[in-house]
Amino acid sequence: MKLEVVRPGFTTTVQDLGRSGHAALGVGRSGAADRGSFRLANRLVGNSPGAAALEVTLGGLVLRASSVTTVAVTGALCPLSKGGLNSPITLWPGEEFALGTASAGLRCYVAVRGGIDVAPVLGSRATDTLGKLGPPPVTDGMLLPVGDAALGFPVVDLAPRASLPSSPVLRVTPGPRRDWFASPDELLSTVYTVSPDSDRVGIRLTGPPLRRVRTDELPSEACVPGSLQVPPSGRPILFHADHPTTGGYPVIAVVEEDDLDLAAQLRPGQTLSFRPAS
Amino acid sequence: MTVRLLPCGRRAVLVELDDVLGYQAALTSLDIAGVEELVPAARTLLVRFDPAVTTADRLGAVLREVSPVDIAASASGEVVIPVVYDGEDLADVAAEAGLSVASVIERHSAGSYVSAFCGFAPGFAYLSGLDAQLHVSRRSSPRTRIPAGSVAIAGEYSAVYPSASPGGWRLLGRTDLPVWDVEREPPNLLPPGTRVRFSAVTS
């Protein structure tokens with residue numbers, strides 16, 4: 001069984017839950033940016049939670065299945081040529097299946113029953129766009145092998161999902177270098193806007209610059225996903241799925257891991273703010 | 001020894017101290033329940049933990065009591081990296097350091113290095129132990145592509161570029177020794193703690 005990529009859309013990559021445990025070698029976790037949507041897509045087609053699936057940015061992907069199969073699409077709100085979001089969809093041999101352009105949210109997940117079966121690198125099939133590990137981004141005409149390691153057939157017809165907030169409030173805990181900033185609480189009172197140069201590595205935010213009280217250079221230190229790193233511009237970068245394992249700018253706060261899925265769906269121009277985690 | 005514990009989300013603590021690798025070795029041998037991953041860097045060790053098994057407070061109490069072990073005594077082997085010293089920045093480095101090119105090469109290849117930590121790219125090891133006279137700044141404008149195997153210096157570190165990438169370090173030469181290969185187990189030739197020497201060879 002193979003899935004043919006008729007059109008890749010804006011950007012499509014193969015993702016799974018990533019390669020944990022290699023940060024000391026300079027290898028980040030990578031994996032699906034919106035892990036909740038990714039897991040749900042796999043559940044809907046009866047895959048194990050970590051089976052590789054496609055992460056589609058903004059939509060536009062067109063696929064053709066070589067034999068009868070089941071797929072499911074989750075994440076961003078996106079019109080489909082057949083069936084609906086968050087629900088298993090049967091594809092017939094040779095049938096084309098297309099995603100339109102997302103109207104809310106940024107990333108869709110397309111899981112196929114059996115999982116995308118490209119060769120794993122360091123235990124993962126995820127494309128790390130920063131570390132250049134894993135399969136290359138999906139292009140026209142690519143034939144994606146599909147595995148046969150599915151579990152029992154799914155029993156649900158539709159998984160209800162909360163709608164995406166238009167201006168999310170992400171919960172943060174203090175970061176290791178909070179004391180390097182003149183008024184760190186300005187982070188909590190500012191409404192930021194997502195910059196167009198955001199990607200899987202980091203979500204760049206525009207807003208009034210955070211001023212530093214310490215201007216000396218920070219020796220590189222390890223970072224976790226959700227770190228809000230503040231470069232000399234004073235405008236924070238929210239480290240996401242493909243973030244570098246170490247960084248040389250101070251981290252003012254860390255976004256709660258559960259809220260990173262919401263962050264993964266932020267579109268350029270959208271606003272967001274932060275509040276302290278309880 | 002002073003150890004500072006800095007908050008870093010719900011699943012990690014950042015430990016700031018001097019002897020990072022000695023502290024990491026001590027922690028590793030303690031095999032503390034709930035500790036999932038240790039990530040060394042220049043002056044810190046990130047300790048990632050499973051909050052279902054331990055808490056930041058409980059872990060912090062242990063982390064404050066750990067004393068670094070002497071890893072120089074236990075270090076095994078040494079990786080020798082053959083280098084053809086024909087890098088594009090040799091003359092600039094010599095000028096900034098106030099040395100001749102020959103002396104730059106001699107000092108770089110005479111040094112005894114330790115892989116302090118990895119970062120920047122998979123397999124990119126920051127090698128400490130660089131001769132103080134060779135502590136030069138990065139290029140003001142990074143190169144867009146540096147070939148894999150380039151041997152370079154910046155600040156207090158030397159490194160071998162594991163794969164082609166952009167970069168701002170000063171290029172001294174190149175090596176044929178692959179320091180990173182995902183088909184190899186382990187893929188990284190220079191994990192933190194590895195002792196390293198450079199040896200000048202002719203192409």
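**Exercise 1. Strand pairing in the barrel**

Which residue of strand 17 of chain A is the bridge partner of T173(A)? Place the pair in the sheet to which the two strands belong.

*Solution.* The model is a predicted one, and the steps below should be read with that in mind. Step one is the pair itself: in strand 17 of chain A, T173(A) has V254(A) as its bridge partner. Step two widens the view to the strands, since strand 10 of chain A and strand 17 (residues 251-255) of chain A run antiparallel and are joined by three bridges. Step three places both strands in a closed arrangement of chain A, where seven strands form a barrel in the order 10-17-14-15-12-11-18 with mixed pairing. From one strand to the next, the twist in this barrel averages 40°.

**Exercise 2. The two faces of strand 4**

Determine which side chains of strand 4 (residues 61-65) of chain A are buried and which are not, and then identify the strands that pair with strand 4 of chain A.

*Solution.* Begin with the general expectation that side chains in a regular strand alternate between the two faces of the sheet. Strand 4 of chain A shows this alternation: L61(A), L63(A) and A65(A) point to one face and are buried, whereas V62(A) and R64(A) point to the other face and are not buried. Next, take the pairing with strand 1 (residues 2-8) of chain A, which is antiparallel and extends over five bridges; within it, R7(A) has V62(A) as its bridge partner. Strand 4 of chain A is also joined to strand 7 (residues 96-98) of chain A by three bridges, again with the strands antiparallel, and here the bridge partner of L63(A) is F97(A).

**Exercise 3. The surroundings of helix 1**

Establish how far helix 1 (residues 35-44) of chain A is covered, and list the elements against which its buried residues pack.

*Solution.* The count comes first: eight of the ten residues of the helix are buried, so that helix 1 of chain A is mostly covered. Among the buried residues are F38(A), L40(A), A41(A) and L44(A), and the set also includes R35(A), R39(A) and N42(A). The buried residues pack against strand 2 (11-15), strand 3 (53-57), strand 5 (69-77), strand 8 (104-112) and helix 3 (260-264) of chain A. After the helix comes G46(A), whose phi is positive, near 75°.

**Exercise 4. Domains of chain A**

Describe the division of chain A into domains and the composition of the contact as seen from domain 1 of chain A.

*Solution.* Chain A is divided into domain 1 (2-145) and domain 2 (169-276), and the centres of these two domains, taken over C-alpha atoms, are separated by 27 Å. Domain 1 of chain A gives 20 residues to the contact and domain 2 of chain A gives 16 residues. On the side of domain 1 of chain A that touches domain 2 of chain A, helix 1, strand 5 and strand 8 of chain A each supply at least two residues. Sorted by class, that side has six nonpolar, nine polar and five charged residues.

**Exercise 5. The nonpolar core**

How many residues does the largest nonpolar core have, and which of them have the most contacts inside it?

*Solution.* The largest nonpolar core has 137 residues, and V110(A), A111(A) and V47(B) are those with the most contacts inside it. Strand 8 of chain A gives the most to this core, with six residues. Turning to chain B, V47(B) touches A12(B), V13(B), V15(B), V35(B), L38(B), L59(B) and L63(B), when residues up to four places away in sequence are not counted.

**Exercise 6. Unusual backbone geometry**

Locate two residues of chain A other than glycine with positive phi, and classify each as buried or partly exposed.

*Solution.* L58(A) has phi near 65° and is found in the loop between strand 3 and strand 4 of chain A. With 20 other C-beta atoms within 10 Å, L58(A) is buried, because a residue counts as buried at 20 or more. N86(A) has phi near 60° and is found in the loop between strand 5 and strand 6 (89-91) of chain A. With 19 other C-beta atoms within 10 Å, N86(A) is partly exposed. In chain B, a cis peptide bond with omega of about -5° joins E185(B) and P186(B), and P186(B) is found in the loop between strand 12 (170-174) and strand 13 (195-200) of chain B.

Definitions and conventions
Residues numbered from 1 in each chain as written. Chains lettered and ligands numbered in written order. Predicted model: local features only at pLDDT ≥ 70, side-chain atom pairs only at ≥ 80, totals over all residues. Buried ≥ 20, exposed ≤ 12 C-beta atoms within 10 Å, placed from the backbone. Helix = DSSP H or I, 4+ residues; strand = E, 2+ residues; numbered from the N terminus. Contact = placed C-beta atoms within 7 Å. Core = buried A, V, L, I, M, F, W, Y, C linked by C-beta atoms within 7 Å. Domains from an automatic or database assignment. Nonpolar A, V, L, I, M, F, W, Y, C, P; charged D, E, K, R; others polar. Pairing = 2+ DSSP bridges. Axes fitted to C-alpha atoms, helices over the stretch in contact; angles between N-to-C directions.
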